[in-house]
Amino acid sequence: MIRVKIFHNNDNNIVKIEMRGHADAGEYGSDIVCSAVSALSISIVNGLESVVGIHPKVTSDNLNGGLMIVDIPAVSNHDQKNYG
């Protein structure tokens with residue numbers, strides 16, 4: 001099972017996203033659910049970097065349970081805040 005936790009600060013801004021686990025919907029390497037979640041998680045990081053101009057810290061570990069943690073830095077630029 002894939003679990004996703006989204007953490008907010010006191011201003012209700014997203015500061016961290018944690019994704020853990022595997023879908024187990026198919027054989028390893030052929031699981032389309034896991035592939036879809038992986039594609040979307042990478043799209044989150046790419047969107048933050050290329051569209052919003054934020055460079056999150058990304059931690060991942062595919063071997064030990066499928067882990068991706070995206071730490072989103074504090075934003076002081078008003079235009080960047082408007083994307084949240």
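Where is the place of N46? N46 sits in helix α1, and this is a predicted model, so treat what follows as a reading of a prediction. At 41% relative accessibility, N46 is partly exposed, because that value falls between the 20% and 50% cut-offs. Along the chain, N46 and P56 are 10 residues apart, while their C-alpha atoms are 9.6 Å apart in space.

**The sheet**

Helix α1 covers residues 32-52 and lies across β2 (14-20), β3 and β4. Its direction makes an angle of about 20° with β4. The strands themselves belong to an open sheet of four, ordered β1-β2-β4-β3 and paired antiparallel. Why do β1 and β3 each have one side without a neighbour in the sheet? Both stand at the edges: β1 (3-8) and β3 (57-61) have a single partner strand each, so one side of each is left without a neighbour. On average, neighbouring strands here are turned by 10° against each other, if you ignore direction.

Now let's walk through the pairings. β1 and β2 run antiparallel and share six bridges, with V4 standing opposite M19 of β2. The hairpin these two strands make has five residues between them, and N12 in that hairpin takes a positive phi near 65°. Next along, β2 pairs with β4 over five bridges, again in the antiparallel sense. Here E18 stands opposite I69 in β4. At the other edge, five bridges join β3 to β4 (residues 67-71), and this pair is antiparallel too. If you want a pair of residues to look for there, V58 has V70 of β4 as its bridge partner.

**The core**

Which residues make up the largest nonpolar core? There are nine of them: I17, M19, V45, L48, V52, I54, M68, V70 and I72. β2, α1 and β4 each put in at least two residues, and α1 gives the most, with three. In soluble globular proteins, nonpolar side chains tend to be buried together.

Some of these names have already come up in the sheet. M19 stands across from V4, and V70 is the bridge partner of V58. L48 is another core residue worth clicking on. Leaving out residues up to four places away in sequence, L48 touches G53, I54, P56, V70 and I72. That list includes P56, the residue whose C-alpha is 9.6 Å from that of N46.

**The charged side chains**

How many salt bridges does a search of the whole structure find? The search turns up two, and here they are with their N to O distances:

| Salt bridge | N to O distance |
|---|---|
| K16 with E18 | 3.4 Å |
| R20 with E18 | 3.5 Å |

E18 takes part in the bridge with K16 and in the one with R20, and the three residues are linked in a network. Is E18 buried or exposed? E18 counts as buried because its relative accessibility is 12%, which is under the 20% cut-off. Its two partners come out as partly exposed: K16 has a relative accessible area of 25%, and R20 has 42%. So E18, the residue opposite I69 of β4, is a buried acid that forms salt bridges with partly exposed K16 and partly exposed R20.

Key. Residues are numbered from 1 along each chain as its sequence is written. This is a predicted model: local features need pLDDT of at least 70, side-chain atom pairs count only at pLDDT 80 or more; totals for chains, interfaces and linings use all residues. Side-chain values use heavy atoms; hydrogens and water are left out. Two strands pair if DSSP finds at least two bridges between them. Axes are lines fitted to C-alpha atoms, for helices over the stretch in contact, and angles run from 0 to 180 degrees between N-to-C directions. Contact means heavy atoms within 4.5 Å. Buried means under 20% relative accessible area, exposed over 50%, partly exposed in between (1.4 Å probe, protein chains only). A nonpolar core is a set of buried Ala, Val, Leu, Ile, Met, Phe, Trp, Tyr and Cys residues joined through side-chain atoms within 4.5 Å. A salt bridge is a side-chain nitrogen of Lys or Arg within 4 Å of a carboxyl oxygen of Asp or Glu.
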